[in-house]
Structure formats: C-alpha cells, structure tokens
Amino acid sequence: MISILCSFFAWDFPAATAEDVDIAVEAARRALARDDWGSTTGEQRAKYLRAIAAKVLERKSELAILESLDCGKTLFESAADLDDVAACFEYYADLAEALDLKRKTPVDLHLDSFKSYVLREPLGVVGLITPWNYPLLMATWKVAPALAAGCAAILKPSELASITCLELGEICREVGLPPGALNILTGLGPEAGAPLSSHPHVDKISFTGSAATGAKVMTAAAQLVKPVTLELGGKSPIVVFDDIDNLDIAVEWTLFGCFANAGQVCTATSRLIIQESIASAFLDRLILWTKNIKISDPLEEDCKLGPIVSSAQYEKVMKFISNAKNEGATILYGGERPQHLKKGYYVQPTIITDVNTSMEIWKEEVFGPVLCVRTFKTEQEAIELANDTEYGLASAIMSKDAGRCERFTKAFQTGIIWINCSQPSFCQLPFGGKKRSGFGRDLGEMGLEKYLNIKQVTEYTCDDAWAFYKSPSKN
C-alpha cells in the first residue's frame, strides 16, 4: 500500500509489484484467448466503448470533483476533460466499426497466379503508462484505441493521480467489459512500471511522461525488441508578430498556452518569442491579463488556476524561478506564492524577461505556470529561436499573414503546430512530437494503427507447378 499526498487529500492505493504485473499479464492473455474478447468484431467492441462514454457522462459531476481533488486542476478544466474522455471513446467506437471493413484488405498484384491481402489484427497485450497532469484523459487516449483494436490492456497510471483511472475500471465492470480486457495497476514506477515495460509477454508499451523515464522505458523494451510509443514533453514556442489584428486575442492565447492546467501541460507554449516592435505594449497587456486570473481552491466557481500537483513539483517549479533570477533574468510578474493562499502548492503565474538562450529557464521543461520571453526582429531570427530546443512537441504562431504562417509551419521542428491559437487538441488529430519529445502518435487514426499487427497474406492460386527446380520424375 502506498500513501500519496496530493493537492488536497491523502489517498491510499495498492502498491503493485512485479508479481502483480505477472497476474495482470496472465489475465490479459486469457482475455485474448477467450471468445468473449479475443474473437470480438469491431462492431461488438464499439458497443462497449460507447457504453463507457455514456457512463462517463452520467457520472461527469462526480468524476470531475474527484479529478480536481486528486491533481488540483480547476473544476472547469476537469469537467472539460471528461467531455473529451467521452468524445474519445465515441471516436474510437466509430473507428472500431470501420476496422471491420478494413480488417481484410485485398491487394491487386496484377497477376493471375497469386491472390493477396493485408490482415489487420490486435497486437496483443499492451502496457499503457500514463501521467498525472490529465489523469483520466491521458489514460483514455491510450485505453480507447487499444480496446478498439481488440488488444488487452494493462494501465499503469501515475502514483500521484490514480483515482479516476480506478473509477474507469469500475465503469468498465459496470458495462460488462470482459474480464482481463482492461487491467489497472496502481503503484510506483520502479516497482510496477519497470516490470511492465520489461515483461516478455507484453507486446507493446505506450508511455507518456518525462524524457528521463521514457529513456528507461525504451531501454527496458529494447532488450526484447518490443515496440514503444513515447510522448515525452517539450519546451514549446509561441511566436507573435506585429501584424496581429487584436493584441488582446493574442495575449489571451499566450496565457492559455502557458498557464492552463497551472502550466502542467507537455505542449505548454512556455517560450514567448515576440516581435520587438510590439514587445513593450504586448507585455503591458500580458501583465494586466495575468493579474486578472483567479487563483483559488480549484472547486471554486471561475477559478482559472489551481495548485501544483505535489510538494515535490511545487519545489521544482520554485527552484526554476529562483535559478532564472540568479542567472540574471528578470521576474517581470509573479514568481511567488499568492499572498491570499497560505496553504496548498500554489504558484503565481510567472513572466520572466531578460532571458538568454543559455539559461536553464529557456532550455528545460518547467511543468508549471512559468513563461519566459525573448524578442526578435526578423523571421529568420524567430525561426532560429523557436527551434532552439532539444524538444520537438508543439509550436504556435500568431500572425495574420497566411504566407508567413505557411513558412513557419514548414520551418517549425515539431509534431504539432497551432496557427493563431495555442493548445486546442482534438481526438481526430494525431498527437506527438520529434527529437526529445519522443516518437509515435496518440489519437487520430494513427492512434489506433499502433495497436494493430499487420500481416500480408499471399496465396498461390495456379494449378501449374512453380517449375523453379527440375522435377525428379522427369529424369
């Protein structure tokens, strides 16, 4: 048993061990061997997914409160996440049904003597390791497509925020999902995540989390040449040009891109790169808007910024701010605990200027409400600053020049690009990055395909002998 002190309460969860991983893997393999899951059609699996979506919406208010209590996000954001959870299950229900039509796809070889087709099958048992910043939503991004494909899944949520994932398990039980199709293990990374990653009977790992842990997951999986998908965070830029029509619209997107979910977002556009000619006016408006953000108990109405998830993460964020100041940067706004909140892991939304590209705050992912600022004069300078990172998850540009936006779309070295916005994410679109942000994609059709094994099947249909070798009967 482990006790985790989260943003508001201490929760007790079972601490899974390697032995528990073995039990979960065996349950998953039994599920695949049984007709009630292993032989289902996409249409049959879609019914389960839609039933899960309906139950999530039925329990939306309760689940939103649990999510906010567990990880500290605002109740508004938790409720929005649950809408996205339901939409994601519905989306993959549609793809599961469509998979029936594509399961066996003929391939025309333009030869009379051969008949071929491509067969799409479930990959097998998949391990899904998910983070604490969007506990149920990130789990859904992996669970929904894995079940849609017909895999048996083992979900290992973060030990910092597991409760809604356990509630998902109860929902699956309520809708009659066959035993073993989804297994949930709570616990710590070394004791539960590591043995899951290295288990010889787990056919794939999909991981979302830090680059350091992702490297360990990939190393463990590599010993068995096991496929992995890694989504590992970033240090994303938002580039703002002086041709924007409305300063306040660009300011709000800049705030949302970095301060939503208290900045605990892998795609957070936490590097503001702003054209020099409007920098002063833009920062003035940015401070006014930032001062207007309501920071409070996340269950309060209109709260727009709640606490950091844990004491350790709070200390990490404050250390980044302190280091930036010590390196010569200017804390233009924030950087401290809000004066009206004496308890909880709260950090003011923070804006840091006078930043150079050698500073830690420019290079490293903070995972908190901290925005650093650089100015530029030319497009080329902006592109160089935007790509000046080891990460490659997301980028944003604010400009009314369509040609410029197209040039930056090609120049950005990232997997996700936003034009005149920041952070909107839709389950129909692939999500992932490059460089140290990982590889592979969640969501979209690609999010389903990674849980499929592709077979090519070729049949010789001619009655004639192949006649490559000389027949001994004709000697």
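This report walks through the fold, the aromatic contacts, the salt bridges and a few individual residues of a predicted model.

## Overall build

Let's start with the whole chain. The protein chain has 16 helices and 20 strands. Its C-alpha atoms fill a box of roughly 90 × 50 × 40 Å along the principal axes. The radius of gyration is 25 Å, which agrees with the value near 23 Å that a compact globule of 475 residues would have. As for the inside, buried residues account for 55% of the 475 residues.

## Aromatic pairs

Searching the whole structure turns up 13 aromatic pairs. Take Trp132 and Phe367: their ring centres sit 5.3 Å apart and their planes meet at 90°, so this pair is edge-to-face. Trp132 comes from the loop between β5 (125–129) and α6 (135–149), while Phe367 comes from the loop between α13 (360–363) and β14 (370–376), so the contact ties together parts that are 235 residues apart in sequence. Both ends are tucked away: Trp132 is buried at 14% relative accessible area, and Phe367 is buried at 15%.

Phe408 and Phe412 make another edge-to-face pair, because their planes are at 65°, and angles over 60 degrees count as edge-to-face. The centres of these two rings are 5.5 Å apart. Phe408 and Phe412 are both buried, and they belong to one aromatic cluster together with Phe241 and Phe376.

## Charges over rings

The cluster has a charged neighbour as well. Arg404 lies over the face of Phe241, at 4.0 Å from the ring centre, and Phe241 is one of the cluster members. Elsewhere, Lys104 lies over the face of Tyr117, with 4.5 Å to the ring centre.

## Salt bridges

The salt bridge count comes to 25. One of them joins Arg50 to Glu97, with the closest N and O atoms 3.0 Å apart. Arg50 is in helix α3 (residues 42–58) and Glu97 is in helix α5, so this bridge ties together parts that are 47 residues apart in sequence. Neither end is fully hidden: Arg50 is partly exposed at 26% relative accessible area, and Glu97 is partly exposed at 33%.

Next comes Glu167, which bridges to Arg59 with a closest N-to-O distance of 2.5 Å. Here Glu167 is in helix α7 (residues 163–174) and Arg59 is in the loop between α3 and α4 (60–71), so the parts tied together are 108 residues apart in sequence. Arg59 is buried, with a relative accessible area of 12%. Right after Arg59, the side chains of Lys60 and Asp83 meet in a salt bridge at 3.0 Å, N to O. That one links helix α4, home of Lys60, with helix α5, home of Asp83, across 23 residues. Lys60 counts as partly exposed at 24%, and so does Asp83 at 34%. Finally, shared partners join Arg50, Glu90, Asp94 and Glu97 into one salt-bridge network.

## A nonpolar surface patch

Tyr460, Trp466, Phe468 and Tyr469 form a nonpolar patch on the surface, with about 590 Å² of accessible area together. One of its members, Trp466, sits in the segment after β20 (452–460). Trp466 is exposed, at 59% relative accessible area.

## Residues worth a look

Two residues have a positive phi without being glycine. Val225 has a phi of about 50° and is found in the loop between α9 (211–222) and β9 (228–231). Leu443 has a phi of about 65° and belongs to the loop between β19 (438–439) and α16 (444–449). Their surroundings contrast: Val225 is exposed at 73% relative accessible area, whereas Leu443 is buried at 1%.

Two helix residues make a similar contrast. Leu101 is in helix α5 (residues 75–102) and counts as exposed, at 75% relative accessibility. Its C-alpha is 9.1 Å from that of Gly42, and the two are 59 residues apart in sequence. Ala148 lies in helix α6 and is buried, with a relative accessible area of 0%. Between Ala148 and Thr105 there are 18 Å, C-alpha to C-alpha, for a separation of 43 residues in sequence.

Methods: Residues numbered from 1 in each chain as written. Predicted model: local features only at pLDDT ≥ 70, side-chain atom pairs only at ≥ 80, totals over all residues. Heavy atoms only, no water. Phe/Tyr/Trp six-rings, centres within 6.5 Å; stacked < 30°, edge-to-face > 60°. Helix = DSSP H or I, 4+ residues; strand = E, 2+ residues; numbered from the N terminus. Buried < 20%, exposed > 50% of the residue type's maximum accessible area, 1.4 Å probe, protein only. Lys NZ or Arg CZ within 6 Å of the ring centre and 35° of its normal. Patch = residues over 30% accessible without salt bridge, like charges linked within 9 Å, V, L, I, M, F, W, Y side chains within 5 Å. Areas by Shrake-Rupley, 256 points an atom, 1.4 Å probe, with all protein chains shown as cover. Salt bridge = Lys/Arg side-chain N within 4 Å of Asp/Glu carboxyl O. Rg over C-alpha atoms; globule rule 2.2 N^0.38 Å.
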